[in-house]
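Colleague: I have a model open on my screen and would like to talk it through with you. Could you walk me through a few places in it?

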Amino acid sequence: MQKIPIVIVGGGASGLFCAVQIAEKLGGKNIVILEAGKRVGTKLLATGNGHCNLTNLRASQEHYHGDVKKAEVLLQKYSPEVVIESFRKMGLLCREEGEGRVYPYSMQASSVLNLLRARLELLGVHECCEFEVVEIQKDADGFLLSSKSNEKIRAQTCILATGGKSSAKFSSGYDLLRQLGHTIGSLKPGLCPIFVCEQQKIRTLKGIRARGMVTLLRKGKVIACTMGEIQFTAQGLSGICIFDLSGKALPGDLISLDLAPEYDVKALKSLAQACDGSLQGVLPKALAACCTPEDCKHLQFTVQKTAPFQNAQITVGGVPLDEIDESCESRKVRNLWILGELLNLNGDCGGFNLHWAWITAMAAAEKISKEGIK
């Protein structure tokens, strides 16, 4: 049985970044990354539509949900500028592309993954792919990790960085955390389309895109409001502004669309009268055909449900942040660190979730590097 000082379970953004940060200080020979898939970084390649929106200059508490207050220290200590500088030291140039969104200069997610992997190889970190950890035990000698094929590895320090349930094809990191006595809050898909009840109406609008203001209502009370491009699908609504509401939406909530927020009903009626009574000069033709001026300001749909996890970018929910310290070390299990999406904090669209992955990795690496190999 192999005995490894530091094992990182999960070869995604937080796992790879954490491995680099630790290896820079303690040497890569002490670290093994266990990845269930055939290669590391697969999900990272898909972020930002393949461009990798790796952070946001506006990253602050107001863009996060969940145990936000508990995350305040981490968000303040590891700013977007700190993340960008860390990547720059590895040789990655970044650029801002509006609304604070930061991308690799190449605009290719592969640049980020290739750089991380090259750095890990140079530092001597070993990647062990197709090793799906399904059981973890803690005893006096550390951690015993067992794979689906019953391979076993013993580790002195264990870092769980598996990511959430979104797009997951393998056993969940949440299952491993439950085995170690951690609490897992309610889990739901986040940053995903919303399916609506008005199926007949929505099918006639399939494929239309329109900009507008989107308000989520619950029993007449405004829960959240966003602005952006709305995409009409065969089952519901999509687009970044819809994604940002999906983590809050519950069945029975109302989504109200204002497709011309700069104009009131009176102005829209005047415009319609100048165009044979329709709003073709304001909205796409198919949308104008089913929208009166009043509809244009309050086009409403009832939330049926959010799209399933396989259509989600993130998982909402996870381990409460009061079960970890400010370095993301477990308060329940010594020498166990929990990173990124496994924790009960999720961000809006726009690089905020990758920012959380990087900074939890940095916090863990800082403490582990200070404590050294046990």
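Modeller: Here are some questions and answers about one helix and two side chains.

Modeller: This is a predicted model, in which local features need pLDDT of at least 70, side-chain atom pairs count only at pLDDT 80 or more, and totals for chains, interfaces and linings use all residues. Residues are numbered from 1 along each chain as its sequence is written, and side-chain values use heavy atoms, with hydrogens and water left out.

Colleague: How far apart are the end C-alpha atoms of helix α12?

Modeller: Helices here are DSSP runs of H or I with at least four residues, strands are E runs of at least two, and both are numbered from the N terminus. The expected span of a helix is 1.5 Å times one less than its number of residues. For the 20 residues of α12 (residues 352-371) that gives 28 Å, which agrees with the distance in the model, 29 Å.

Colleague: How many residues of α12 are buried?

Modeller: Buried means under 20% relative accessible area, exposed over 50%, and partly exposed in between, with a 1.4 Å probe and protein chains only. By that rule α12 is mostly covered, and of its 20 residues the buried ones number 16.

Colleague: How is α4 oriented relative to α12?

Modeller: Axes are lines fitted to C-alpha atoms, for helices over the stretch in contact, and angles run from 0 to 180 degrees between N-to-C directions. The axes of α4 (residues 80-89) and α12 come within 10 Å and cross at roughly 75°. Angles under 35 degrees count as roughly parallel, over 145 as roughly antiparallel, 65 to 115 as roughly perpendicular and the rest as oblique. Therefore α4 is, relative to α12, roughly perpendicular.

Colleague: Which residue of α12 has its side chain in a polar contact with the side chain of E329?

Modeller: E329 sits in the loop between β18 (314-316) and β19 (336-338), and it counts as buried because its relative accessibility is 3%. A polar contact is a pair of N or O atoms within 3.5 Å; within protein, one must be able to donate a hydrogen and the other to accept it, and residues adjacent in sequence count only if both atoms are side-chain atoms. For E329 the distance is 2.7 Å, and the partner is K367.

Colleague: And which side chain does K297 join in a polar contact?

Modeller: K297 belongs to helix α11 (residues 293-297), and at 11% relative accessibility it counts as buried. The contact is 2.9 Å, and the partner is D258.
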